[in-house]
Amino acid sequence: MSSITAAINTALEHSTLSQRALAEKTGISQPTLNRILTGAREAKLPEIILIADATGCTVAQLTGTGVSERVECVARATNGSGMDTMRQRLLHFMELDAYLDDQAIPAP
């Protein structure tokens with residue numbers, strides 16, 4: 001089992017979603033999701049992005065890339081906004097930016 005498969009299984013377990021609920025949330029068919037979760041098939045990046053969003057993880061947490069380790073977030077909410085949620089959203093954007101850089105796709 002690859003480290004990504006193990007990370008996806010852990011994320012699913014922590015999210016308390018069933019495999020069927022994750023399939024519905026992501027739009028990935030349940031047979032395909034099952035093959036990913038059992039390691040019979042590698043997850044493609046668009047699938048990893050959908051799974052990360054559905055389970056509340058970042059792509060870096062699932063892939064083991066280090067974007068989240070390089071990002072420092074220093075902000076203060078004055079309106080009671082959840083800082084963890086804002087940091088997670090920031091990490092999603094940073095990971096997407098890093099992925100596009102890796103694919104040599106320039107930011108507009």
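**Close-up views of a seven-helix chain**

Buried residues (under 20% relative accessible area; exposed is over 50%, partly exposed in between, with a 1.4 Å probe and protein chains only) make up 30% of the 108 residues in the protein chain. This is a predicted model: local features need pLDDT of at least 70, side-chain atom pairs count only at pLDDT 80 or more, and totals for chains, interfaces and linings use all residues. Residues are numbered from 1 along each chain as its sequence is written, and side-chain values use heavy atoms, leaving out hydrogens and water.

**View 1. The whole chain has seven helices and zero strands.** Helices (H or I, at least four residues) and strands (E, at least two) are DSSP runs, numbered from the N terminus. Along the sequence the pattern reads α-α-α-α-α-α-α. The C-alpha trace spans about 45 × 35 × 25 Å along its principal axes. Contact means heavy atoms within 4.5 Å. Among contacts between residues at least 6 apart in sequence, 51% join residues at least 24 apart.

**View 2. An annotated span covers residues 17-62.** UniProt lists these residues as "domain: HTH cro/C1-type", in an unreviewed entry. UniProt positions are given in the numbering used here, feature names are shortened, and annotations may be inferred rather than shown by experiment. In the model, the span is 70% helix and 0% strand. Its end C-alpha atoms lie 16 Å apart.

**View 3. The largest nonpolar core holds 18 residues.** A nonpolar core is a set of buried Ala, Val, Leu, Ile, Met, Phe, Trp, Tyr and Cys residues joined through side-chain atoms within 4.5 Å. Ile8, Leu22, Leu33, Ile51 and Leu62 touch the most other members. Helix H1 (3-15), helix H2 (19-26), H3, H4 and helix H5 (59-63) each give two or more residues to this core. Isoleucine 8 is in contact with Ile36, Leu37, Ala43, Ile51 and Leu62, leaving aside neighbours within four places in sequence. In soluble globular proteins, nonpolar side chains tend to be buried together.

**View 4. Helix H2 has a buried side and an exposed face.** Leu22, Ala23 and Thr26 are the buried residues of H2. They cover an arc of only 100 degrees around the axis, so they sit on the same side of H2. The arc is that of the directions from the helix axis to the C-beta atoms. H1, H3 and H4 are included in what covers these buried residues. The face turned away carries exposed Arg20, Glu24 and Lys25. Just after H2, glycine 27 takes a positive phi of about 80 degrees.

**View 5. Threonine 5 and threonine 16: one is buried, the other exposed.** Threonine 5 lies in helix H1. Threonine 5 counts as buried because its relative accessibility is 4%. Not counting residues up to four places away in sequence, threonine 5 touches Ile36, Leu37, Thr38 and Gly39. Threonine 16 is found in the loop between H1 and H2. Its relative accessible area is 70%, so threonine 16 is exposed. Phi of threonine 16 is near 65 degrees, a positive value in a residue other than glycine. Most residues other than glycine have a negative phi.

**View 6. Glycine 39 lies in the loop between helix H3 (30-38) and helix H4 (45-55).** Glycine 39 is partly exposed, because its relative accessible area is 36%. Serine 2 is 37 residues away from glycine 39 in sequence. In space the two are 7.0 Å apart, C-alpha to C-alpha.

**View 7. Glutamate 47 is a buried residue in helix H4.** At 12% relative accessibility, glutamate 47 counts as buried. Its side chain reaches the backbone nitrogen of lysine 44 at 2.8 Å. Glutamate 47 also touches Ile28, Thr32, Ile36, Arg41 and Glu42, not counting residues up to four places away in sequence.

**View 8. Helix H7 (residues 83-102) has 20 residues.** From its first C-alpha to its last, H7 reaches 28 Å. That is close to the 28 Å expected at 1.5 Å a residue, where the expected span is 1.5 Å times one less than the number of residues. The buried residues of H7 are Leu91, Glu95 and Ala98. Seen down the axis, they fall within an arc of 65 degrees, so they line one face of the helix. Thr85 and Phe93 are exposed on the other side of H7. Alanine 104, just after H7, takes a positive phi of about 60 degrees.

Conventions
A polar contact is a pair of N or O atoms within 3.5 Å; within protein, one must be able to donate a hydrogen and the other to accept it, and residues adjacent in sequence count only if both atoms are side-chain atoms.
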